[in-house]
Amino acid sequence: MRRYPIGIQSFKEIITGNYLYVDKTAFIHQMKAMGKYYFLSRPRRFGKSLLISTLQALYEGRQELFTGLYIADKWDFGQTNPTIVIYFNQMSLREVGLAKSLLDTLDEQAQNNEITITNDGIGKRFQELIQKLHAKTGRKVVVLIDEYDKPIVDFLEELDIAEANRNTLKSFYGILKPADEHLEFVLLTGVSKFAKVSVFSDLNNLNDITLKKQFNEVVGITQAELEATFSEEIARFAQETEVSYETFLGQIKHWYNGYSWGGKATVYNPFSLLNFFSDSGAFRNYWFSTGTPTWLVQEAFKNRFFDFTNLEITENRLESFDFKNLYTPTLLFQTGYLTIKSYNKTDYTYILDYPNEEVRLSLNQYLLEAFRGKENEEVIPKVLQLRNALNNNDMATAIEIINIIFSTLPYDLWQRENERFYHALIHLTFTILGVYVQSEIHTARGRCDTIVHTQKYSYAFEFKLDKTAQGALDQIFEKGYLTPFKESSASSKTLIAVGINFSTERKVVESWLSKTL
């Protein structure tokens with residue numbers, strides 16, 4: 001049985017422990033050939049730490065670890081370099097503080113290399129360590145920094161600490177440019193991309209490869225890598241679930257692929273994929289559950305964001321991250337809950353959307369709980385009850401469930417923003433329903449609010465606010481919302497139009513009408 005390196009970020013441990021490894025060393029070879037200073041932003045658990053560890057092993061000359069890999073005969077292992085590796089995710093930032101954590105890390109690295117550093121300031125001690133390592137070994141120094149932004153990201157709810165940490169990091173990273181003559185290679189990785197004037201104003205020679213086409217797949221697993229590496233597992237699990245290989249492969253792609261930083265090439269989150277195969281091919285929430293974004297959901301709720309499909313955003317807005325003035329879509333993109341679907345070269349704009357089913361289902365579930373004011377109450381059971389009612393064409397029960405979903409809305413919020421809340425709950429409920437049946441949410445003018453396909457029925461829902469159910473029902477027929485399904489593959493299904501009118505005063509479905517074609 002193969003060993004999956006779930007949670008293992010050490011390249012040496014993966015190789016010597018005979019764990020599965022997807023070779024990414026071609027990208028490292030390309031980076032080495034192209035330049036010297038790099039920055040890479042990717043979501044958590046995407047392989048950034050493993051990339052750092054692999055680079056460390058290369059520069060330390062660990063040739064035995066690279067047998068059979070792309071870079072094995074393309075790297076000069078006889079020329080080693082001293083390395084300074086800083087993992088911010090291994091620091092006790094809350095207990096010890098950033099300054100003390102950095103000083104302890106620098107002192108430890110100095111001690112490991114039998115070097116004495118005497119400067120007091122954090123930046124000066126860092127610079128002194130680099131200079132003395134170069135002088136001692138005669139070889140330029142490699143600096144690898146993982147999760148560079150963790151001291152800020154972890155304190156976004158405590159802006160005073162975030163600001164203090166930003167200033168500390170600014171001075172710390174600022175010494176890298178004047179230390180240029182002592183440096184061989186520099187890579188900083190993180191989740192966010194703070195504005196350069198905020199953190200990197202003194203390090204403006206960083207090559208940001210986050211959105212560069214040739215590095216879209218530097219971490220993550222491509223479709224080709226999936227099929228080449230996991231073909232045996234895919235075949236076995238497809239047989240166990242009694243579907244074809246191609247069908248099961250498509251299901252995996254639907255659930256876990258879709259992350260892109262250019263809008264074309266996509267990758268899988270390796271954490272979700274490895275857990276999926278380790279869990280005998282069970283389609284579950286893996287990556288999302290390891291870092292439930294309670295704070296992010298509250299930011300979305302506070303700003304009344306709930307529909308993140310086909311969201312247009314400018315290039316400047318996408319790449320900036322101002323922790324004093326957060327923009328929810330940017331925050332969700334940089335943390336991996338949204339991804340790039342396309343890029344308009346003429347207008348310099350991006351289209352963002354959910355990367356895959358895992359994220360879409362999980363994030364919408366948390367958003368629906370937030371808008372209902374019931375963050376500790378599962379919404380999935382209610383959605384499943386709605387599905388069952390629609391499967392049985394039991395519209396009275398379906399309306400009752402919709403009323404239950406609305407009934408717990410906080411009264412004061414509903415009175416202030418009932419229309420916004422109304423649209424949010426309808427949208428989120430039917431988006432989640434779409435996981436269990438084919439449900440499409442349409443918002444463009446002239447299209448039905450919601451189309452739902454079950455095994456036997458195709459429903460067209462039209463929702464009105466403080467109008468009439470008859471008016472909603474009439475619109476379905478006037479606009480011909482069900483017409484396309486009369487001659488389509490769904491023609492064998494019973495077609496049902498449903499008009500619903502919601503009362504903002506009573507916070508319930510006031511009236512509803514349905515008609516079978």
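## Salt bridges around helix H5

At 30% relative accessibility, aspartate 107 is classed as partly exposed. This value, like the others in this report, is computed from a predicted model. Aspartate 107 takes part in a salt bridge with arginine 125, with a distance of 2.5 Å from N to O. Arginine 125 belongs to helix H6 (residues 122-137) and aspartate 107 to helix H5, so the pair ties together parts that are 18 residues apart in sequence. Arginine 125 has a relative accessible area of 12% and is therefore buried, since buried means under 20%.

Helix H5 (residues 98-112) also holds both aspartate 104 and lysine 100, which are four residues apart, or about one turn of the helix. These two residues form a salt bridge in which the closest N and O atoms are 2.9 Å apart. Aspartate 104 is partly exposed, at 34% relative accessible area, and lysine 100 is partly exposed as well, at 44%.

## A further salt bridge and the total

Another salt bridge brings together the side chains of aspartate 279 and arginine 284, at 2.6 Å from N to O. Aspartate 279 counts as partly exposed, with 26% relative accessibility. Arginine 284 is likewise partly exposed, with 47%.

In general, side chains of opposite charge can pair when their charged atoms come close. The count for this model comes to 18 salt bridges.

## Strand S10 and its partners

Strand S10 (residues 450-453) has side chains pointing in two directions: Thr450 and Val452 point one way, while Ile451 and His453 point the other way. All of these residues are buried.

Strand S10 is joined by four bridges to strand S9 (residues 438-441), and the two run antiparallel. In this pairing, glutamine 438 stands opposite histidine 453 of S10. Four bridges also join S10 to strand S11 (residues 457-465), again in an antiparallel arrangement. Here isoleucine 451 stands opposite alanine 460 of S11. The connection from S10 to S11 is a hairpin of three residues.

## A negative patch on the surface

Glu419, Asp466, Glu505 and Glu510 together form a negative surface patch. One of these residues, glutamate 510, lies in strand S13 (residues 508-516). Glutamate 510 has a relative accessible area of 44% and is therefore partly exposed. That value satisfies one condition for membership, because patches are made of residues with over 30% relative accessible area and no salt bridge.

Note on methods
Residues numbered from 1 in each chain as written. Predicted model: local features only at pLDDT ≥ 70, side-chain atom pairs only at ≥ 80, totals over all residues. Heavy atoms only, no water. Patch = residues over 30% accessible without salt bridge, like charges linked within 9 Å, V, L, I, M, F, W, Y side chains within 5 Å. Areas by Shrake-Rupley, 256 points an atom, 1.4 Å probe, with all protein chains shown as cover. Salt bridge = Lys/Arg side-chain N within 4 Å of Asp/Glu carboxyl O. Lys, Arg positive; Asp, Glu negative; His and termini not counted. Charge placed at Lys NZ, Arg CZ, Asp CG, Glu CD. Buried < 20%, exposed > 50% of the residue type's maximum accessible area, 1.4 Å probe, protein only. Pairing = 2+ DSSP bridges.
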